[in-house]
Amino acid sequence: MSEHKKRKLETEIIHAGYHPDPVARSVSPPIFQTSTFAFESAEQGAALFSGQEKGFIYTRLGNPTILALEEALAALEKGYGALATATGMAAVSTIYLAFLEKEAHLIGTAALYGPSRTIIETEFVRFGVEADFIDTSDTAEIKKRIKKNTRLLFIESPANPTMAITDLKACAGLAREHNLLLVVDNTFASPVLQNPLEFGADVVMHSLTKFINGHSDVVGGAIISRSQELHKRLQKVLRLHGGTMDPHQAWLVLRGLRTLHLRVERAQENARKIAAWLEARPEVAWVNYPGLKSHPQHELMTRQMTGPGSMLSFGLKGGYEAGLKMINRVKLCTLAVSLGGIETLIQHPASMTHASVPREEKEKAGITDDLIRLSVGCENVEDLIEDLEQALRES
Ligand code: LCS
């Protein structure tokens, strides 16, 4: 990202989507906590429903507080438009419903967030949808798997929890060549570190629960599209199946969003130090962190991200048993799933976030039993290292 773009982003994070209301001129946006909006006349109601007139009708179809968040997200991801959803999984299911028809084929990153693949393998399979979940950091392998009925290339990069990185520009090239849609789950990077639409992706999604809200107190999701056509298609499906956001939820996410760059930068600084420290420890067998030279896609990360972020995973020489002991011994880090909040969280993906993925598939995706995931927060880094050290000492 150029200096100019970074400068623009840092100001947009604070201001995008804000339009002072003309009556009270409140500096914080109002929360329109209403399910429905009054029509001036029967004629106006009909005009709003037919689309002849623009305006709010009913909160599942749109609401000013939700719109403020959507405008901010569209600006940060440089998209045509954004849709806020009830959760990250509502964003995933809306995308699948909108673009997968009966007997369609999807290619996805093997190390996806567990439920993003489980919903295909246990639910969409009922409609004949088939999928190949593969190592998408290998572009040649993606090319081999493309079939006549392939519709979607669903990439998570960096991936949860292996931190594998996929070449977005190469994927966009394959998508154009084979007439597929490229969707990128950008949750782990956030718009501060990566803008997939700039590399040619068609649709970007987020679990807003993570970095964008950033305070582990709200769930939410978002879908940002490159074009009006894609946006309209997704909007239609979202409004019909009803996975929309609530106005109060949107307000909370918007409040969290306003400090996104500050939190991401501080957490990343901490993660760089912790990853280097872990890599040097005698008890540690391996560390997956895109900021380390030992990461297989370190060079690719520097081309498509502005920084490696604050998520990492590692394994101990003592394997699963030692890892379990360690995560039971931490005191400052919290043993919990989720990620991207201001506090440091530690968890065991094989038995927690990815428990729904069959064991054999987990192994293939690199989600081994010894893998521990760390979402580094914004605490003092020396305190975090002290905590990890005491937890490691007797593992
Ligand atoms: N995409 C990614 C990359 C995620 O990490 C998650 C949730 C989702 C989508 C789904 O979002 P949600 O519906 O939860 O807002 N990831 C979680 C995790 O790693 N631990 O707990 C949840």
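These legends walk through several close-up views of a predicted model.

**View 1. Glutamate 70, a buried charge without a partner of opposite charge in a salt bridge.**
Let's start inside helix H3, which spans residues 64-77 and holds glutamate 70. Glutamate 70 is buried and makes no salt bridge. How far away is the nearest side chain of opposite charge? That side chain belongs to arginine 239, and the distance is 7.4 Å. A salt bridge needs the nitrogen and the carboxyl oxygen within 4 Å, so arginine 239 does not qualify. Glutamate 70 does have a polar neighbour, though: a polar atom of its side chain lies 2.8 Å from the backbone nitrogen of alanine 84. Leaving aside residues up to four places away in sequence, glutamate 70 touches Ala82, Leu83 and Ala84.

**View 2. Helices H4 and H5 pack against each other.**
Two packed helices can be described by the angle between their axes and the distance between those axes. For H4 (residues 88-99) and H5 (residues 114-123), the angle is about 40 degrees and the axes are 10 Å apart. Is the crossing of H4 and H5 left-handed or right-handed? It is right-handed. To find where the two helices meet, look for Met89, Val92, Ser93 and Tyr96 on the H4 side. Their counterparts in H5 are Pro115, Ser116, Ile119 and Ile120.

**View 3. Arginine 151 and glutamate 101 form a salt bridge.**
The whole structure contains 18 salt bridges, and this view shows one of them, with its closest N and O atoms 3.0 Å apart. Arginine 151 sits in strand E4 (residues 150-156), while glutamate 101 sits in the loop between H4 and strand E2 (105-109), so the pair ties together parts that are 50 residues apart in sequence. Both partners are partly exposed: arginine 151 has a relative accessible area of 30%, and glutamate 101 has one of 37%.

**View 4. Glutamate 361 reaches arginine 117 through a salt bridge.**
Here the N to O distance is 2.9 Å. Which parts of the chain does this pair link? Glutamate 361 belongs to helix H14 (residues 359-365) and arginine 117 to helix H5, so the salt bridge ties together parts that are 244 residues apart in sequence. Arginine 117 is buried, with a relative accessible area of 1%, whereas glutamate 361 is partly exposed at 21%.

**View 5. Glutamate 123 pairs with arginine 126.**
The closest N and O atoms of this salt bridge are 3.1 Å apart. Glutamate 123 is partly exposed, with a relative accessible area of 34%, and arginine 126 counts as exposed at 56%. Elsewhere, salt bridges with shared partners join Arg117, Glu121, Glu361 and Lys364 into one network.

**View 6. Helix H10 is mostly covered.**
How many of the 11 residues in H10 (residues 247-257) are buried? The count is 9, and among them are Trp251, Leu252, Val253 and Leu254. Pro247, Gln249, Ala250, Gly256 and Leu257 are buried too. What do the buried residues of H10 pack against? Their neighbours are helix H1 (3-15), H3, strand E1 (81-85) and helix H11 (260-280). At the N-terminal end of H10, aspartate 246 acts as a cap, with a side-chain oxygen 3.0 Å from the backbone nitrogen of histidine 248.

Key. Residues numbered from 1 in each chain as written. Predicted model: local features only at pLDDT ≥ 70, side-chain atom pairs only at ≥ 80, totals over all residues. Heavy atoms only, no water. Helix = DSSP H or I, 4+ residues; strand = E, 2+ residues; numbered from the N terminus. Buried < 20%, exposed > 50% of the residue type's maximum accessible area, 1.4 Å probe, protein only. Lys, Arg positive; Asp, Glu negative; His and termini not counted. Polar contact = N/O pair within 3.5 Å; in protein donor to acceptor, adjacent residues only side chain to side chain. Contact = heavy atoms within 4.5 Å. Axes fitted to C-alpha atoms, helices over the stretch in contact; angles between N-to-C directions. Left-handed = near helix turned anticlockwise from the far one by under 90°.
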